[in-house]
Amino acid sequence: MRSAVVVGAGIGGLSVAGALARSGWQVTLLERADRVRPEPTAVVLWPNGVRALRALGLGAGLEAIATPLSDGGVRRPDGQWLVQPRPVPADRMPVVVHREDLHDALIAGLGDRVELRTGVTVRTVRAEPGQRPAVGDGRNLIEADLVVAADGTDSEIRRRLAPEAAVVSSGSAAWRAVIPWYRAPRLPVDRPVGGEVLGAGYRFISASLGERGSSGGSSRGGIYWVATAAGAPRPEPPETQLALLRRWYAGWPSPIGELLEATDPADLVQQEVRELRPLPRAYGFPAGPGGVVLLGDAAHAMPPHLGQGACLAFEDAATLAALLPKSRLPDAVQAYDRLRRPRAATVVRQTRRMSAVLQTRGRLALRARDAALGTFTPRLLNTAATSAAQWRPPA
Ligand SMILES: Cc1cc2nc3c(=O)[nH]c(=O)nc-3n(C[C@H](O)[C@H](O)[C@H](O)COP(=O)(O)OP(=O)(O)OC[C@H]3O[C@@H](n4cnc5c(N)ncnc54)[C@H](O)[C@@H]3O)c2cc1C
């Protein structure tokens with residue numbers, strides 16, 4: 001039986017560990033935290049992410065927890081439309097899922113064939129010709145035919161195998177929260193919960209997770225919002241961060257004020273937005289009978305402006321799972337590299353264009369941006385949506 005060690009039990013590690021186990025691999029999943037726990041926020045999955053999850057055999061569970069995300073358009077802070085809402089064809093419709101629901105589905109997908117070891121921090125990796133790939137935590141060396149580095153943005157394995165890829169700040173911080181339905185504001189029927197507002201260096205997006213009082217949709221329903229602001233993360237306690245957010249977004253169109261008012265400091269998840277610059281030169285490192293691959297944020301951490309990080313992690317997992325049965329393991333490792341690097345580079349390029357739009361500051365630049373936004377943003381979002389809708393796992 002072929003064996004794999006997956007390092008990191010985030011979205012990427014859980015999805016690939018389950019896929020390998022379901023196709024008969026013996027899988028050890030190593031996680032440095034004492035418990036495998038998701039963030040209490042949500043994630044938008046574009047059609048590529050959904051298709052990848054389906055390819056991984058996790059589509060059925062997804063339907064029960066996903067809420068379709070209709071296009072709510074993009075407004076300016078003064079309420080004027082930058083991009084009018086448009087009907088979205090079904091095959092381009094993203095969905096929004098509570099991360100805890102997604103996590104439960106991924107854990108259920110592990111079955112009983114994955115050995116999960118928590119409290120293990122991987123510090124070393126061996127990827128040399130003639131030797132079995134291995135990882136070590138400073139005390140034990142764990143060998144396997146395949147090592148999957150799904151250890152996130154600060155990946156220790158990537159640091160050793162692709163040291164050229166540096167983690168840098170994108171110059172902004174993000175705050176997210178899910179307000180459960182019982183605390184969510186009641187908005188007039190003609191005022192949608194979902195939508196996007198874009199200002200100089202600031203952005204606010206909100207979406208419904210399931211419907212109030214409905215048993216369908218997410219089992220952990222509510223209103224999800226994500227706010228991005230230029231600058232560093234705030235060192236103050238969540239109460240002060242929330243007060244700052246209320247000040248920054250004061251006067252922005254409804255329902256932003258109502259949502260921030262209904263948010264509890266305990267709901268708030270703050271994160272520095274970081275990315276890999278440059279991307280690693282390789283995602284696959286053949287070694288011995290198999291090799292090491294980089295997956296998820298370990299391979300291509302990017303700002304969340306197009307909501308593609310988790311989707312790409314699922315694409316990575318689905319691609320690897322499709323390639324492994326087809327060829328010798330070192331060849332599959334190289335094929336993974338060949339398929340995934342250009343794909344990640346394309347999405348990162350689109351994301352950086354979006355970063356440039358979001359970071360425009362200064363009145364003249366802003367006016368130029370607003371003028372350009374009406375044509376440029378729809379085109380950019382359309383290209384990103386097309387590339388998301390067109391992705392297919394390898395046949
Ligand atoms: C504000 C924000 C909003 C986002 N919104 C979206 C969205 O809407 N749609 C979307 O697709 N993506 C979104 N993303 C991106 C998405 O969250 C990430 O791309 C995704 O969670 C990455 O998953 P991962 O498993 O690769 O990494 P992680 O989730 O970081 O998991 C890595 C795991 O490895 C463990 N680990 C780390 N080092 C070690 C070690 N040395 N040994 C053992 N274990 C280790 C960690 O503890 C962790 O559990 C967003 C990101 C942000 C910041």
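**Exercise 1.** In which sense do strand β1 and strand β12 pair, and over how many bridges?

*Solution.* The model is predicted, so local features need pLDDT of at least 70 and side-chain atom pairs count only at pLDDT 80 or more, while totals for chains, interfaces and linings use all residues. Residues are numbered from 1 along each chain as its sequence is written, and side-chain values use heavy atoms, with hydrogens and water left out. Begin with the elements: helices (H or I, at least four residues) and strands (E, at least two) are DSSP runs, numbered from the N terminus. Two strands pair if DSSP finds at least two bridges between them. Strand β1 covers residues 3–7 and strand β12 covers residues 146–149, and the two pair in the parallel sense over four bridges. Within this pairing, V6 has V148 of β12 as its bridge partner.

**Exercise 2.** Place these two strands in their sheet.

*Solution.* The open sheet has six strands in the order β8-β2-β1-β12-β19-β18, with mixed pairing. At its edges stand β8 (114–118) and β18 (284–287), each of which pairs on one side only.

**Exercise 3.** Compare the expected span of α1 with the distance between its ends.

*Solution.* The expected span is 1.5 Å times one less than the number of residues. For the twelve residues of α1 this gives 16 Å, and because the end C-alpha atoms are 17 Å apart, the two values agree.

**Exercise 4.** Decide how covered α1 is.

*Solution.* Call a residue buried when its relative accessible area is under 20% (exposed over 50%, partly exposed in between, with a 1.4 Å probe and protein chains only). Ten of the twelve residues of α1 are buried, among them G12, L14 and A21.
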